[in-house]
Amino acid sequence: MSSNEQQLSGPDFARGVPASDIVDGKMLLGHFDGEAVLLAKTGAEIFAVGATCTHYNGPLAEGLLVGDTVRCPWHHACFSLRTGEALRAPALNPVSCFRIEESGETVFVREKIEKSPKQQVKPDSHVRSVVIVGGGAAGNAGAEMLRRQEFKGTVTILSADDALPYDRPNLSKDYLAGNASEDWIPLRTPDFYNEQKIDVRLKTRVVAIDTVEREVTLADGSHVAFDALLLATGAAPVRLDIPGAGLPHVHYLRTLDDSRALFAKTKDAKRAVVIGASFIGLETAASLRARDIEVHVVGPQSRPLERVLGAELGDMIRAIHEERGVVFHFGTTAVAIDEDMVTLKSGDRIPADLVVAGIGVQPDTALAKAAGLTIDNGVVVDQYLQTSVPGVYAAGDIARWPDPHSGAPIRVEHWVVAERQGQTAAINMLGGRQPFDAAPFFWSQHFDVTVSYVGHAEKWDKIEIDGDPSSRDCKVTYLKSGRTLAVATVSRDLESLRAEVELESS
């Protein structure tokens, strides 16, 4: 549904709607003054909020009411019906709130009203300066949450990147495919950081952390003091170690600069080889095919993403790509790259003027390890995302936390998880005691098919499938010893939201 269609659908709430049409626990879509609006009733209270998610403009009317909140069906953002506040990433901006007027048996929507976000914690007066190492999803979300909680001290983001925090998922999706301009990529404008008094220092590399003196050392020899520290250094791509890996037409995709360089190459490229049938590899393959580039995908496995999604969804994803012309070479690996050719272990030689490697990432834990923090396949944190050193927190791709849903320590390399952890860590740095208990969530786009996944299942002993993966309409449940660990859905957004709520309440 287009934005305009959504605005014009349903009743004009300015003219009123019968109170009997507003049912407890249900949503009613309409419009007011040219804007899509939701009416929702929880108990005896009626709320009116903007009906469009502030993340990617998802239709909230197709989402799920949970108490006095509404969750977006596309990427599981969550908004307060009382204040409009974006309570859960990936949305960072609130939706509008409107005044309700009840007259007899009719409910009218009136003008917009300003609501203040609910404060989750009173900032600890002992914390006057917060340093965030890393300008990605977790670091940016953490800085924003500090200000939303009315923290008045200094907030400094030290980022090795040369760009302000940006929407990393788009790098392999719409931006690379040519469906989104670069204006779409930044999460915020420079003015936002100035207004929020968030000091973002780009091209700034931290070389050491002193947890006793409470300061970090930068590559130029200067120091930045902190009362609380958030480590959000993310992960780095695993590099190819084969002849020709350093040739100029071999690319990786992690940063905005990476995507820009790859984007520029697509203008002249005719044949591409993607080494690695990972999520990033397959999303890149889809984007390259959207540019009419011949694409071959190479991987040692027997089907794509089977380790994460199982055989049935793996076969579905392979079929989707093959229908669009992607050629797979499974059960083999690349052993050499030449200027116009990729040689496989199988002996096959694939012509290529563009090579993209997507063979995984490694958490960037060097700083944490040198600082004496406990490391175990990531930086070990407790349920509040605090490391083994009080006042030092970790979030995002580097954090390994005790997952209450699976009962095991896990580390997850996904955008939404990183943002939500950054938000939770920020609250706890200010003296909160908010456990990170959100069920992990990610989505993966394969041409016009989206797979949504909630929970975390590294291993399972049973898969239950409702629907038909080959028809791109299904719900796949991953279980171990009878317990649901994760749920993947295709074309069933509402079921994905319900699975998220069930996992978080179990």
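# Salt bridges, sheets and a buried helix

Me: Is Arg71 buried or exposed?
Reply: This is a predicted model. The relative accessibility of Arg71 comes to 7%. The cut-off for a buried residue is under 20%. So Arg71 counts as buried.

Me: Which side chain meets that of Arg71 in a salt bridge at 2.8 Å, N to O?
Reply: Side chains of opposite charge can pair when their charged atoms come close. The nitrogen-to-oxygen distance here is 2.8 Å. The partner has a relative accessible area of 0%, so it is buried. The side chain that meets Arg71 is that of Glu500.

Me: How many residues apart in sequence are the parts that Arg71 and Glu500 tie together?
Reply: Arg71 lies in strand S6. Glu500 lies in helix H10. The pair therefore ties together parts whose separation in sequence is 429 residues.

Me: Which residues are linked with Arg71 in a network of salt bridges?
Reply: The structure holds 29 salt bridges. The pair of Arg71 and Glu500 is one of them. Arg71 also belongs to a network of salt bridges. The other members are Arg88, Arg420, Glu500 and Glu504.

Me: Which residue in S7 stands opposite Arg71?
Reply: Strand S6 covers residues 69–71, and strand S7 covers residues 78–80. The two run antiparallel and are joined by three bridges. Opposite Arg71 stands Cys78.

Me: In what order do the four strands of this open sheet run?
Reply: The pairing is antiparallel. The edge strands, each paired on one side only, are S5 (64–66) and S8 (86–88). From one strand to the next, the twist averages 35 degrees. The order is S5-S6-S7-S8.

Me: What angle does the direction of helix H10 make with that of S5?
Reply: Helix H10 spans residues 493–505 and packs on the sheet. H10 touches S5, S6 and S8. With the direction of S5, that of H10 makes about 20 degrees.

Me: Which residue meets Arg148 in a salt bridge?
Reply: Arg148 lies in helix H2 and is buried, at a relative accessible area of 16%. The partner sits in the loop between S7 and S8, so the pair ties together parts 63 residues apart in sequence. That partner is also buried, at 5% relative accessibility. The two side chains meet at 2.8 Å, N to O, and the partner is Glu85.

Me: How many of the 12 residues of H2 are buried?
Reply: Helix H2 runs over residues 137–148. Among its buried residues are Gly139, Glu144, Met145 and Arg147. H2 is largely enclosed by the rest of the structure, because the buried count out of 12 is 12.

Me: What distance separates the end C-alpha atoms of H2?
Reply: H2 has 12 residues. At 1.5 Å a residue, the expected span is 16 Å. The model agrees, with the end C-alpha atoms apart by 16 Å.

Me: Which residue in S15 stands opposite Val206?
Reply: Three strands form an open antiparallel sheet in the order S14-S15-S16. S14 (206–210) and S16 (223–225) each have a single partner strand, so they stand at the edges. Four bridges join S14 to S15, residues 215–218. Opposite Val206 stands Leu218.

Me: Over which residues is the pLDDT below 50?
Reply: The protein chain averages a pLDDT of 95, and 98% of the residues score at least 70. The stretch below 50 has one contact in the model beyond near neighbours in sequence. Where pLDDT is low, the predicted coordinates should not be read in detail. That stretch is residues 1–5.

Notes:
Residues numbered from 1 in each chain as written. Predicted model: local features only at pLDDT ≥ 70, side-chain atom pairs only at ≥ 80, totals over all residues. Heavy atoms only, no water. Pairing = 2+ DSSP bridges. Axes fitted to C-alpha atoms, helices over the stretch in contact; angles between N-to-C directions. Contact = heavy atoms within 4.5 Å. Expected span 1.5 Å × (residues − 1). Buried < 20%, exposed > 50% of the residue type's maximum accessible area, 1.4 Å probe, protein only. pLDDT = per-residue confidence, 0-100. Salt bridge = Lys/Arg side-chain N within 4 Å of Asp/Glu carboxyl O.
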